[in-house]
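Hi,

Here is the structure I said I would pass on. Have a look at it first, and my notes on what turned up follow underneath.

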Amino acid sequence: MGNWLTDKYAEGIPYQRYYAGCQNVDDIESYAQELAKKLFNAEACTVQPHSGCDANLAAYLAILAEVIENSKVKEIGKPLMQMTHDEFETVRQEFTKARILGMSLKDGGHLTHGFRNNFSGKLFEAFSYGVDPVTEMINYDELRLLAKKIQPHILIAGYSSYSRKVDFSIMRSIADEVGAVLLVDMAHFSGLVAGKVLTGNFDPIPFADIVTSTTHKTLRGPRGGIILSKKRFEEGLKRVCPLAQGGPLEHVIAAKAVAFEEALTADFQTYARKIVENSTSLARHFMDEGVRVITGGTENHLMVLDVFKSFGLTGKEAEERLFNGGIIVNKNAIPNDSRGVIQTSGIRVGTAAITTLNMGEPQMQEVANFIVRCLKGEDPAKIRADVQRLKARYPLYKAISLGKLCHTN
Ligand code: PLP
């Protein structure tokens, strides 16, 4: 990302820009696009979104244009720019009637899936589905009933803190039954899709109309976003600028191309497989130590621990205690959390970063042990020393000594 392309403005799309002098960025951006399509086997792609949130905003606006605006344009018989103020107002009013149905924030969804303090909750009439109170997993039969009742224009699948695979063939069938566009936000698990760990019904690309993602989580690239889609939405996605953004960040797009090249290698597939092996092993060690893991385990890169039930701590207290022990995790709400999103009853733990450090299953036992000892109240200074000893065996950059990089309180 630290390259000279940061200096170049390039509104528009490759080879059709509003700016001169874009030959080099055109080649780089179209190369990144082709790599992303190959990596995910997608029909269409834009690599311009600045982030996961921006990808969702652009995707929503492209869907509104395709599903609502286009039919109104036909009805009125004029392109948008030639409509009178009042004619355009009838189009705009239609947007406000659009409904979305996404996973609720408290059960694992993301802010952009309908939270009231986000554009998604303000732009749409937003509804949410949760998880089953007993299994703590998505109940597809319940979701189908809810979707039939709400008749959403967009059904959103995908999550920020849900530890199970999602069956996108079922999501597709639900969307079809109610005539909704299926949008999958794979921000969290796109690396597991790229690395061929999530395949068949668990790969969203064949089933979804639009798939959005970040490029910096399990995909392990620069901070950014992408949108993949079926041909039907290709034209809409070409308009990320001006729909939701101005100039694309071509220096980040170059870095995305590097990340896609890496993700196309056999090594990346090994990495993705190890992330999940480490995650399932870590969850097992936690459960062996008596910790309540939400849903009773994990099938992806993350898990949520009920620290209130297991240690009598709120998520916030657990987060602070672990920080003092040299371990950084986030507090996280658990399903039906009575402690709200600031205190919470849980923490979310993931294995993507420690797998990059090359830690394997034996180290998962050590990591679980550090976390459990810390949450049980052992002296944080002692835990921190143990953590540093483990980290010293797995440096991020072998050439740089841990001491120089490490923040020590
Ligand atoms: N979508 C999901 C499911 C996420 O988990 C996140 C980030 O946590 C985003 C979107 C937003 O990504 P960004 O922070 O790049 O805007």
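**Starting at the edge of a sheet**

Ala44 has Ser229 in β9 as its bridge partner. Keep in mind as you read that this is a predicted model. That pair belongs to the link between β3 and strand β9 (residues 225-229), which run antiparallel and are joined by 3 bridges. As general background, strands of a sheet pair through backbone hydrogen bonds, either parallel or antiparallel.

Now zoom out to the sheet itself. It is an open one with 7 strands, and if you walk across it the order is β3-β9-β8-β7-β6-β4-β5, with mixed pairing. β3 (44-46) and β5 (125-129) are the edge strands; each has a single partner strand, so one side of each has no neighbour in the sheet. From one strand to the next, the twist averages 20°. Helix α1 (residues 23-40) packs on this sheet, where α1 touches β3 and β9, and the direction of α1 makes about 130° with that of β3.

**Further along the chain**

Next, have a look at strand β13 (residues 346-350). Which strands is β13 joined to by bridges? One is strand β11 (residues 302-306), which runs antiparallel to β13 and is joined to it by 5 bridges. Within that pairing, Met303 has Val349 in β13 as its bridge partner. Another is strand β12 (residues 330-332), also antiparallel to β13, with 3 bridges. There, Lys331 stands opposite Ile347 in β13.

**Two helices that cross**

How do helix α13 (residues 315-324) and helix α16 (residues 361-375) pack? Their axes are 9 Å apart and the angle is about 115°. The two helices are therefore roughly perpendicular to each other, and the crossing of α13 and α16 is right-handed. On the α13 side the contact is made by Ala318, Arg321 and Leu322, and on the α16 side by Ile371, Cys374 and Leu375. Sorted by class, that contact of α13 with α16 has 5 nonpolar residues, 1 charged residue and no polar ones.

**The overall layout**

Last, the big picture. The domain assignment of the protein gives domain 1 as 4-263 and domain 2 as 266-398. How far apart do the C-alpha centres of domain 1 and domain 2 lie? They lie 30 Å apart. The contact takes 27 residues from domain 1 and 27 residues from domain 2.

If you want a place to begin, try Ala44 and its partner Ser229 in β9, then move on to the crossing of α13 and α16.

Cheers

Definitions and conventions:
Residues are numbered from 1 along each chain as its sequence is written. This is a predicted model: local features need pLDDT of at least 70, side-chain atom pairs count only at pLDDT 80 or more; totals for chains, interfaces and linings use all residues. Side-chain values use heavy atoms; hydrogens and water are left out. Two strands pair if DSSP finds at least two bridges between them. Helices (H or I, at least four residues) and strands (E, at least two) are DSSP runs, numbered from the N terminus. Axes are lines fitted to C-alpha atoms, for helices over the stretch in contact, and angles run from 0 to 180 degrees between N-to-C directions. Angles under 35 degrees count as roughly parallel, over 145 as roughly antiparallel, 65 to 115 as roughly perpendicular and the rest as oblique. A crossing is left-handed if the near helix is turned anticlockwise from the far one by less than a right angle, and right-handed if clockwise. Contact means heavy atoms within 4.5 Å. Ala, Val, Leu, Ile, Met, Phe, Trp, Tyr, Cys and Pro count as nonpolar, Asp, Glu, Lys and Arg as charged, and the others, Gly among them, as polar. Domain bounds come from an automatic or database domain assignment.
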